Amino acid sequence: MKIYILDALFWFVPRANPGYEKKMHLLAEWLVEFDEEGLPWREIGLDMNGHPVLAGPNDECYGFWLDTNMRFDDFDGEPVSKAEFERLWLLSGVIASS
């Protein structure tokens, strides 16, 4: 009940990732790129077929993993090549900020 009450009270507060909310159920896997300090820098959410469903940061969303205090050592998984990450980033349609 408290969750619904809080949502009703704070519906007007902008969320960090409004474009993600309706697509989170489609996600099967995340790819996360890290900066030199081990912090998430860019992220791509993939569906069960390996297609990008969401990616950030972008003009609308800050990013799910970028909005946490997690570091590289907190994540599990297999690395992907820089070329594969960039290929999927381009497929996502997100344009890097200047």
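**Entry 1: E86 and R42**

I looked up the pair E86 and R42 in this predicted model. The two side chains form a salt bridge, and their closest N and O atoms are 2.3 Å apart. E86 belongs to helix α2 and R42 to strand β2, so this pair ties together parts that lie 44 residues apart in sequence. I then checked how much of each residue is accessible. E86 has a relative accessible area of 26%, which means that it is partly exposed. R42 has a relative accessibility of 12%, so R42 counts as buried.

**Entry 2: E33**

Which residue forms a salt bridge with R42 at 2.5 Å between the closest N and O atoms? I found E33 in that place. Is E33 buried or exposed? I read a relative accessible area of 14% for E33, so this residue is buried.

I also looked at K82. The side chains of E33 and K82 meet in a salt bridge, at 2.5 Å from N to O. This pair links distant parts of the chain, since E33 sits in strand β1 (residues 29-34) and K82 in helix α2, 49 residues apart.

I put these pairs together and noted that E33, R42, K82 and E86 are linked in a network of salt bridges. The count of salt bridges comes to five. As a general remark, side chains of opposite charge can pair when their charged atoms come close.

**Entry 3: the chain as a whole**

I stepped back to list the elements. The protein chain has two helices and three strands. Read from the N terminus, their order is α-β-β-β-α. Of its 98 residues, 27% count as buried. I noted an accessible surface of about 7500 Å² for the protein chain, with 59% of it belonging to carbon and sulfur atoms. Among contacts between residues at least 6 apart in sequence, 57% join residues at least 24 apart.

**Entry 4: the sheet**

How are the three strands ordered in the sheet? I traced the order β1-β2-β3, in an open sheet with antiparallel pairing. β1 and β3 (52-56) stand at the edges with a single partner strand each, so one side of each has no neighbour in the sheet. Ignoring direction, neighbouring strands are turned by 15° against each other on average.

I went through the pairing of β2 with β3 next. These two strands pair in the antiparallel sense over four bridges. L46 stands opposite P52 in β3, and the bridge partner of G45 in β3 is L54. The hairpin of β2 and β3 has five residues between the strands, and G50 takes a positive phi near 80° there.

Although β3 is an edge strand, I found that four of its five residues are buried, so β3 is largely enclosed by the rest of the structure.

**Entry 5: helix α2 and the core**

I followed α2 over the sheet. The helix lies across β1, β2 and β3, and runs at about 65° to β2.

Which residues make up the largest nonpolar core? I listed eight: L31, I44, L46, A55, F85, L88, W89 and V94. β2 (40-46) and α2 (82-92) each supply at least two residues of this core. α2 gives the most, with three residues. Another core, of five residues, lies apart from this one, and L27, V53, L54 and C61 are among its members. In general, nonpolar side chains tend to be buried together in soluble globular proteins.

I took L31 as an example of a core residue. Leaving aside neighbours within four places in sequence, L31 is in contact with R42, E43, I44, L46, V80, F85 and L88. One of these contacts, R42, also belongs to the network of salt bridges.

**Entry 6: N69**

Last, I looked at a loop residue. Where does N69 lie? I placed N69 in the loop between β3 and α2. With a relative accessible area of 70%, N69 is exposed. I also checked N69 against L39, which is 30 residues away along the chain. The C-alpha atoms of N69 and L39 are separated by 8.0 Å.

Note on methods
Residues numbered from 1 in each chain as written. Heavy atoms only, no water. Core = buried A, V, L, I, M, F, W, Y, C linked by side-chain atoms within 4.5 Å. Buried < 20%, exposed > 50% of the residue type's maximum accessible area, 1.4 Å probe, protein only. Contact = heavy atoms within 4.5 Å. Areas by Shrake-Rupley, 256 points an atom, 1.4 Å probe, with all protein chains shown as cover. Salt bridge = Lys/Arg side-chain N within 4 Å of Asp/Glu carboxyl O. Pairing = 2+ DSSP bridges. Axes fitted to C-alpha atoms, helices over the stretch in contact; angles between N-to-C directions.
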